[in-house]
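I opened this notebook to record what I looked up, one topic at a time. The entries follow the order in which I went through the model.

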Amino acid sequence: MAHPREPHRWDPRAPRPTGLVLPVAVDPTGRSGPTRAQAAGPRWRQSSRGLHVPATVSDDCVEQRILEQSQRLGPTGAVTGWAALRLLGGGFFDGLDTDGRTRLPVPLAAGGGRLEPHPAITRHRERLPESEVVVMHGIRTCSAERALFDEMRRLDLWGAVAAMDMAAAAELTSIRRMRAYCSRRTGARGRRHVLAALDLADEHSRSPAETRLRLVWELEGGWPRPLCNRPVFDLDGRLLGVPDLLDPTRGVYGEYDGAEHRTRERHRRDVQRRQDLDAAGLEQVTVVGADLRNPTLVVTRMRLAQERAAGREQRWTLQPPPGWRTEPSLDERLDLRDLLAEKPDDAE
């Protein structure tokens, strides 16, 4: 099972990259690139065959690494998988393996072109329609649906669910859009695996750790699918809190206590929220990162919370008070974004 990372101050959207440096070929004149002698010296490093960047340019920046490896592609190819999702703005897709340290090879879709094998890349040789290609930061990039399809096929089931959840959290695509894409990829390798992950995905998850807690809750604990980040109100309509997970039948809610919860102000708010929810009859299950590697421990806490909640008077509701502003669904937001993108610049 994958172990999604939960970075401090987690943001599902990646910041827009700046200062990316395009690799250049050797130039005997030294005008558009280094001379052969300069390229062999300490001030330049080779990024791929025949191409170089200044030695001061680090590929520790994941977008720079993607840019450098994308130069291996021919004119019909594109970056795909996690790398494309990163270029599209997905913060979760940082190019590191589940240990948070090991670099993943950059996945490239050849698109019918020639692509030599190399340890820094993985090759995808399936058909790549031009309709599935966009340009991001000057790099030919697979669409969100194609890239996520390729990424989910690479991962185990839990990792594939996290990838879908985090693509949704970054508003790159939706479960409905992914199902529609899968319907067009009948016979594709790994399609059933992707569909199985979509069945377990939830567009309301706000972090990879929340996703993992939900999967432990449902698959290991055998409880029904919890509500994710649903506002809870008291009977007078006052907002009590927005639990990560909620089982409304058992009166139990789950919270992942990540690093961002340890600031003084956040901790103060967490304590107040727990007091309010407890007073309304709800019982909390709290986990930290290490707990997620021990599902048995988490399930035991769930069952103890259920026992504590049994027979308690429930003085809360999911019904929002009059005037509460309901957020548009992910699909509604994506459809509006697409509509605005298609709108002519001079349209009113």
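Which residues are linked in a network of salt bridges? I found Glu126, Glu132, Arg146, Asp150, Arg153 and Arg185 joined in one such network. I note at the outset that this is a predicted model, and I read every value below with that in mind.

**Entry: salt bridges**

I looked up the total for the structure, which is 30 salt bridges. Side chains of opposite charge can pair when their charged atoms come close.

I then went to aspartate 60 and arginine 103, which form a salt bridge with their closest N and O atoms 2.8 Å apart. This pair links distant parts of the chain, since aspartate 60 lies in the loop between β3 (51-54) and α2 (62-70), while arginine 103 lies in the loop between α3 (81-87) and β5 (106-109), 43 residues apart. I checked how open each partner is: aspartate 60 counts as exposed because its relative accessibility is 64%, and arginine 103 is partly exposed at 36%.

Next I took glutamate 130 and arginine 140, whose side chains meet in a salt bridge with an N to O distance of 2.8 Å. Here too the pair links distant parts of the chain, with glutamate 130 in the loop between β6 (121-124) and β7 (133-136) and arginine 140 in strand β8 (residues 139-142), 10 residues apart. I noted arginine 140 as partly exposed, because its relative accessibility is 22%.

The third pair I looked up was arginine 238 with aspartate 234, where the N to O distance is 3.3 Å. Arginine 238 is partly exposed, with a relative accessible area of 44%, whereas aspartate 234 has 13% and therefore counts as buried, the limit being under 20%.

**Entry: aromatic rings**

How many aromatic pairs does a search of the whole structure find? The search gives 4. In one of them, the rings of phenylalanine 92 and phenylalanine 93 have centres 5.2 Å apart and planes at 75 degrees, so I recorded the pair as edge-to-face. Both phenylalanine 92 and phenylalanine 93 are buried.

Tryptophan 217 and tryptophan 223 also make an edge-to-face pair, because their ring planes stand at 85 degrees, with the centres 5.1 Å apart. I found tryptophan 217 buried at 1% relative accessible area and tryptophan 223 buried at 5%. Tryptophan 223 has a further contact, as the charged end of arginine 250 sits over its ring, 4.4 Å from the centre.

**Entry: helix α8**

I compared the expected and modelled spans of helix α8 (residues 208-220): its 13 residues at 1.5 Å each should span 18 Å, and the end C-alpha atoms are 17 Å apart, which agrees. Is this helix mostly covered or mostly open? It is mostly covered, with 11 of its 13 residues buried, and I listed among them Pro208, Glu210, Arg212, Arg214, Trp217 and Glu218. After α8 comes glycine 222, whose phi is positive, near 75 degrees.

**Entry: positive phi outside glycine**

I looked at glutamate 171, which has a positive phi of about 60 degrees although it is not a glycine. Glutamate 171 lies in the loop between α5 (157-169) and α6 (175-183), and it is partly exposed at 30% relative accessible area.

Asparagine 229 likewise is not a glycine and has a positive phi, of about 50 degrees. Asparagine 229 sits in the loop between β9 (227-228) and β10 (232-234), and I noted it as buried because its relative accessibility is 8%.

**Entry: surface leucines and glutamate 327**

Which residues form a nonpolar patch on the surface? I found Leu336, Leu339 and Leu340, which together have about 310 Å² of accessible area. Leucine 339 belongs to helix α11 (residues 330-342), and I recorded it as exposed because its relative accessibility is 54%.

My last look was at glutamate 327, in the loop between β15 (316-317) and α11. Glutamate 327 counts as exposed because its relative accessibility is 63%. From glutamate 327 to leucine 200 I noted a separation of 127 residues in sequence and 22 Å in space, C-alpha to C-alpha.

Methods: Residues are numbered from 1 along each chain as its sequence is written. This is a predicted model: local features need pLDDT of at least 70, side-chain atom pairs count only at pLDDT 80 or more; totals for chains, interfaces and linings use all residues. Side-chain values use heavy atoms; hydrogens and water are left out. Patches are made of residues with over 30% relative accessible area and no salt bridge: like charges are joined within 9 Å, nonpolar side chains (Val, Leu, Ile, Met, Phe, Trp, Tyr) within 5 Å. Accessible areas come from the Shrake-Rupley method with a 1.4 Å probe; for residues, only the protein chains shown count as cover. A salt bridge is a side-chain nitrogen of Lys or Arg within 4 Å of a carboxyl oxygen of Asp or Glu. Helices (H or I, at least four residues) and strands (E, at least two) are DSSP runs, numbered from the N terminus. Buried means under 20% relative accessible area, exposed over 50%, partly exposed in between (1.4 Å probe, protein chains only). Rings of Phe, Tyr and Trp (its six-membered ring) pair if their centres lie within 6.5 Å; planes under 30 degrees apart count as stacked, over 60 as edge-to-face and the rest as tilted. A charge sits over a ring if NZ of Lys or CZ of Arg is within 6 Å of the ring centre and within 35 degrees of the ring normal. The expected span of a helix is 1.5 Å times one less than its number of residues.
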